[in-house]
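Me: Could you take a close look at the aromatic rings in this structure with me? I would like to see how they pair up and where they sit.

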Amino acid sequence: MSNIAKAFQNGKAFIPFITCGDPDLTTTAAAVREAVKNGADLIELGIPFSDPTAEGPVIQGANLRALNGGINTDMIFSFVRGLRTDVKVPMVFMTYANVVFSYGTEKFISTCAEIGIDGLILPDIPYEEKDEFLPVCHQYGVDLISLIAPTSENRVGMIAKEAEGFIYLVSSLGVTGVRSQINTDLTDIVRTIRENTGVPCAIGFGISTPEQAKAMAALSDGAIVGSAIVRLLEKHGKEAPKYIGEYVRSMKDAIRDL
């Protein structure tokens with residue numbers, strides 16, 4: 001069984017996204033620990049990239065701040081080693097194919113396995129091209145997380161059948177970012193996913209309030225929040241971890257009894 005399954009064993013999962021190195025890795029570590037202490041079930045860590053095509057302006061800004069601060073992949077690997085001395089929840093990396101290619105695919109994925117990263121999300125790799133990474137992920141026991149979007153249409157069942165770890169269901173068209181409302185009807189997509197796999201499905205993109213988290217988690221197996229957390233880092237800088245802890249607690253409380 002995938003280690004990621006542990007995140008979904010005790011009800012609906014809350015999954016925060018945090019960009020590594022924004023504003024620095026010490027703050028990232030504190031933010032992760034506060035999130036876990038306050039109920040985060042799985043941590044999604046962003047490895048900064050200069051052209052993050054799936055991201056809106058909030059997370060793009062975090063990427064630039066981290067890169068301008070000198071963050072690189074080796075530093076992030078060392079950082080995760082330190083986290084794993086006490087952080088036991090599943091953790092996944094979210095980054096882009098070029099980051100993995102430029103580091104060396106096998107070297108990158110084998111290091112993920114060594115430091116305790118359970119999965120990898122590559123939003124710029126379509127389903128049809130995942131075989132560039134999947135055999136190496138299987139070799140080292142790292143789940144390659146599939147994304148399903150409202151535009152996936154007749155491919156939803158096909159993607160779901162081969163999914164591992166968890167399915168990242170994109171709530172809305174476009175890039176990441178806080179949305180005042182999520183109007184996409186995801187019911188049919190979730191039904192198709194359920195018909196084709198037992199792998200859990202969590203919804204992300206646009207979720208920022210406890211009410212939105214509750215609605216999305218009620219429909220699926222969990223809620224993923226990125227931009228709202230990155231905004232706290234942008235606003236509070238090194239003081240952000242305590243605010244992130246409070247925010248995560250409010251979101252987890254909203255989905256706890258579903």
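**A close look at the aromatic rings**

Reply: Let's begin with Phe 101, which is partly exposed, with a relative accessible area of 40%. In this predicted model, Phe 133 is buried, with a relative accessible area of 0%. Why do Phe 101 and Phe 133 get these two labels? Buried means under 20% relative accessible area and exposed means over 50%, so Phe 133 at 0% counts as buried, while Phe 101 at 40% falls in between and counts as partly exposed.

Now for the bigger picture: searching the whole structure turns up 9 aromatic pairs. One of them joins Phe 8 and Phe 166, whose rings are tilted at 45° between the planes and lie 6.0 Å apart, centre to centre. This pair links distant parts of the chain, 158 residues apart: Phe 8 is in the segment before strand E1 (13–19), and Phe 166 is in the loop between helix H7 (156–161) and strand E6 (167–170). Both Phe 8 and Phe 166 are buried.

Back to Phe 101 and Phe 133, which also form a tilted pair, with 5.2 Å from centre to centre and 40° between the planes. Here too, distant parts of the chain are linked: helix H4 (residues 97–103) holds Phe 101, and the loop between strand E4 (119–121) and helix H6 (134–140) holds Phe 133, 32 residues away.

There is also a group to find: Phe 77, Phe 93, Tyr 103 and Phe 108 make up one aromatic cluster. If you zoom in on Tyr 103, you will see Lys 107 over the face of Tyr 103, at 4.7 Å from the ring centre.

Technical notes. Residues are numbered from 1 along each chain as its sequence is written. This is a predicted model: local features need pLDDT of at least 70, side-chain atom pairs count only at pLDDT 80 or more; totals for chains, interfaces and linings use all residues. Side-chain values use heavy atoms; hydrogens and water are left out. Rings of Phe, Tyr and Trp (its six-membered ring) pair if their centres lie within 6.5 Å; planes under 30 degrees apart count as stacked, over 60 as edge-to-face and the rest as tilted. Helices (H or I, at least four residues) and strands (E, at least two) are DSSP runs, numbered from the N terminus. Buried means under 20% relative accessible area, exposed over 50%, partly exposed in between (1.4 Å probe, protein chains only). A charge sits over a ring if NZ of Lys or CZ of Arg is within 6 Å of the ring centre and within 35 degrees of the ring normal.
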